[in-house]
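This report goes through a single protein chain, from one contact between helices to the fold as a whole. The sequence and coordinates are shown first.

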Amino acid sequence: MPIKCHNRVLLLLAIIAAAAAALPFVNVAPNRLVSGEGRTLWQLWSFTPALLAGVFFALVLLAFRQGQLSRWLTLILFEGLFIALFWSAGLAATKMVSVESPLARTSVGSGLWLWLALCLLASSDAIRRLTQNAVWRWVLNAQIWCVPLFLLFSGELNALSLLKEYANRQEIFDSALAQHLTILFGTLVPALLLGVPLGIWCYRHPARQGSVFALLNVIQTIPSVALFGLLIAPLAGLVKSFPFLSTLGIAGTGLTPALIALVLYALLPLVRGMVAGLGQVSADVLESAKAMGMSARQCFWKVQLPLALPLLLRSLRVVAVQTVGMAVIAALIGAGGFGALVFQGLLSSALDLVLLGVVPAIALAVVVDALFALWLALLGREGQ
């Protein structure tokens, strides 16, 4: 009887993880200005080859087994590996400081980045197989980060070069975080105030939808850098003609053109989501509401809008994550945020400074996406 692989995803990830063992676990440099030299895991600790072989054998064994127990074991194993990798990165950095010199910088290597990503992918796949409940999936995915975040905030990773860069630029980082959040909420609020009424108007006037969507599609196809640049000259001319606008914070560069551009980019998903959400409400539901004596306004607020809310939230979720990413590019016109750290690092060829802007931007996008996912999961649970 042939042996059947019940989890091909796990087997593939195990093979990739085994190949990643040849990549550097960390990079060690004598100081922050010199490029680092890669160190594999077994160069740091001699016992790791046997440990890695044991883990690989366990993963292959789990791939050929089925049932809830094997899925739980897969999740526990990969979550344990994820925590161990985080902790090992801090231990490696501390070891290199004592072995090399106090000025030595230890950064995360390509092998460690790949292993962390593989652990998250495998954990997510195991959770997907364990339960169909969206809320429980969210909880299981969120608890993976509890111990790593504890290690981060407890100072176990402070010897890593990225954390040293953060310690040196903490005030700048806090300012960049506040500015990035300002850009995010400064985009979402006006986008909702414009997009939701426009979507309702398009739903009620189907003949006008074509022209509105055509215009929004054209805006969406303009590259972000180009749109930022196109707004500089008109805004600068407007401020020159009406100087009092500068007292309101309006200028040709900085936050104003960034917010205008990001709001314009957000309109297409929001308007489409609103139209699609309202359009999915069946005529029978509306007829039943009217038969119960509801007015047209009551039907909209108590029937159509609640039923359209999940699609609107999915559109808003896309917009929020998109805004977090595009706000990095907005630093090119002086909007600030994490993008300022990224471009400053690129200009000075400081990889740690680039990562100090990139990693928090990715983390913020993940957190925003996770919060919307939880909201939608709870909304779906209430609707059951």
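## Ala-258 and its surroundings

Ala-258 is a residue of helix α13. The model described here is a predicted one. Ala-258 counts as buried because its relative accessibility is 0%, below the 20% cut-off. Leaving aside neighbours within four places in sequence, Ala-258 is in contact with Phe-228, Ala-330, Ile-333 and Ala-335. The C-alpha atom of Ala-258 is separated by 9.0 Å from that of Thr-187, and the two residues are 71 residues apart along the chain.

One of these contacts, Ile-333, belongs to the loop between α15 (296-329) and α16 (338-347). Ile-333, at 10% relative accessibility, is also counted as buried. Its contacts, with neighbours within four places in sequence left aside, are Phe-228, Ile-232, Thr-253, Gly-254, Pro-257 and Ala-258. Between the C-alpha atoms of Ile-333 and Leu-120 the separation is 35 Å, with their positions 213 residues apart along the chain.

## The α11/α13 pair

Helix α11 (residues 224-241) packs against helix α13 (residues 255-279) at an angle of about 130°, and their axes are 9 Å apart. The two helices are therefore oblique to each other. The crossing in which α11 passes α13 is right-handed. On the α11 side the contact is made by Ser-224, Leu-227, Phe-228, Leu-231 and Leu-235. On the α13 side it involves Thr-256, Pro-257, Ala-258, Ile-260, Ala-261, Leu-262 and Tyr-265. Phe-228 thus appears in this helix contact and among the contacts of Ile-333.

## Nonpolar cores

In soluble globular proteins, nonpolar side chains tend to be buried together. The largest nonpolar core in this model has 42 residues, and Phe-25, Leu-44, Leu-85 and Trp-115 have the most contacts inside it. Elements giving two or more residues to this core are α1 (8-20), β1 (26-29), α2 (41-44), α3 (48-63), α4 (68-99) and α5 (110-130). Another core, of 34 residues, lies apart from it and includes Met-274, Ala-350, Ala-365 and Phe-372.

Phe-25 is in contact with Leu-44, Leu-85 and Trp-115, among others, when neighbours within four places in sequence are left aside. Its contacts also include Arg-39, Thr-40, Ser-88, Val-108 and Gly-109.

## Ser-107 and the cysteines

Ser-107 is placed in strand β3 (residues 105-108). Not counting residues up to four places away in sequence, Ser-107 touches Val-26, Asn-27, Ser-161 and Asp-352.

The structure holds 0 disulfides. Cys-119 is in no disulfide, and the nearest cysteine sulfur, that of Cys-146, is 16 Å away. A disulfide would require the two sulfur atoms to be within 2.5 Å, so this pair does not qualify.

The table gives the accessibility of Ser-107 and of two cysteines.

| Residue | Relative accessible area | Class |
|---|---|---|
| Ser-107 | 17% | buried |
| Cys-119 | 4% | buried |
| Cys-299 | 3% | buried |

## The chain as a whole

The secondary structure comes to 17 helices and 3 strands. Of the 384 residues in the chain, 41% are buried. Taken along the principal axes, the C-alpha atoms fill a box of roughly 75 × 65 × 35 Å. Among contacts with a separation of 6 or more, 75% are between residues 24 or more positions apart.

Technical notes: Residues numbered from 1 in each chain as written. Predicted model: local features only at pLDDT ≥ 70, side-chain atom pairs only at ≥ 80, totals over all residues. Heavy atoms only, no water. Buried < 20%, exposed > 50% of the residue type's maximum accessible area, 1.4 Å probe, protein only. Core = buried A, V, L, I, M, F, W, Y, C linked by side-chain atoms within 4.5 Å. Helix = DSSP H or I, 4+ residues; strand = E, 2+ residues; numbered from the N terminus. Contact = heavy atoms within 4.5 Å. Axes fitted to C-alpha atoms, helices over the stretch in contact; angles between N-to-C directions. Parallel < 35°, antiparallel > 145°, perpendicular 65-115°, else oblique. Left-handed = near helix turned anticlockwise from the far one by under 90°.
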